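Reader: I've got this one open in the viewer. Can we talk through how the parts fit together?

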Amino acid sequence: MKGIKNIIFDLGGVIINLNYQLTYKAFEDLGVKEFTSLYNQFTLTTLFDDLETGKIEPEVFLNEMQQHTAPGTTHQQIIDAWNAMLLDFPLRRLQILQQLRQHYGLYLLSNTNAIHLDAFNKILQESRGIPSLASFFDKAYYSHLIGLRKPEKETYQFVLDENGLDPAETLFIDDTLPNIEGAQAVGIQTIHLLPPKTIADIFR
């Protein structure tokens, strides 16, 4: 951590636990035959990208997903299936963020969407009595609100520029290799967090 003054955290798999299989299963229960192949198909058609960069409203996403579910499936059922992957915020991780904030500039940079943002803040409120994840950071950046997503270089540069951060003094922690490489491309220091390691293993 020598020379580091700022830390940018990824969210999913770093601060909140995720289980993608729960979303796959929930959609299969709603009649989606192969959610993974559908997800890949949508990746090519930009539906998920557009949701994550705020180019489309959640309503458009829900309507599109409805076409692939069993007749009579409601938007709420689709929302619940989409949010099934979001698990919990381990208390130790939140304590680490509080401690680090006394010594570093702390930022959050997450590829997410409006549906998930509502859901994980609700999880935080119900489990920890904290209304918003933003309270742990100097600034929280969500892809659908800034119109940029990792691993595009412009995404990291946007955070650096808006806060006047020196990349050499900034550490980025993420569990996905392409996101790490995107940060390295603009000169940011990085830690690729691979399970079973957690941020509690880095910041003891």
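Author: Sure. Keep in mind that this is a predicted model. Between domain 1 and domain 2, the buried area comes to about 960 Å².

Reader: What share of that buried area do carbon and sulfur atoms give?

Author: The area in question is the one buried between domain 1 and domain 2. Of it, carbon and sulfur atoms give 59%.

Reader: How many salt bridges does the rule find across the interface of domain 1 and domain 2?

Author: Let's start with polar contacts: the rule finds six residue pairs across this interface, both residues at pLDDT 80 or more. For salt bridges across the interface of domain 1 and domain 2, the count is two.

Reader: And which residue forms a salt bridge with Glu52?

Author: A salt bridge needs a side-chain nitrogen of Lys or Arg within 4 Å of a carboxyl oxygen of Asp or Glu. Here the closest N and O atoms are 2.6 Å apart, so the pair passes that cut-off. The partner of Glu52 is Arg149.

Reader: Which helix gives the most to the largest nonpolar core?

Author: That core has 49 residues, and Ile7, Phe9, Ile15, Phe61 and Leu133 have the most contacts inside it. Domain 1 and domain 2 each supply at least three of its residues. The helix giving the most, with five residues, spans residues 114-128: H7.

Reader: Which residues does Phe61 touch?

Author: Leave out anything up to four places away in sequence. What Phe61 then touches is Leu47, Phe48, Leu51, Ile56, Trp82 and Ile115.

Key
Residues numbered from 1 in each chain as written. Predicted model: local features only at pLDDT ≥ 70, side-chain atom pairs only at ≥ 80, totals over all residues. Heavy atoms only, no water. Core = buried A, V, L, I, M, F, W, Y, C linked by side-chain atoms within 4.5 Å. Buried < 20%, exposed > 50% of the residue type's maximum accessible area, 1.4 Å probe, protein only. Helix = DSSP H or I, 4+ residues; strand = E, 2+ residues; numbered from the N terminus. Domains from an automatic or database assignment. Contact = heavy atoms within 4.5 Å. Buried area = accessible area lost by both parts, 1.4 Å probe. Polar contact = N/O pair within 3.5 Å; in protein donor to acceptor, adjacent residues only side chain to side chain.
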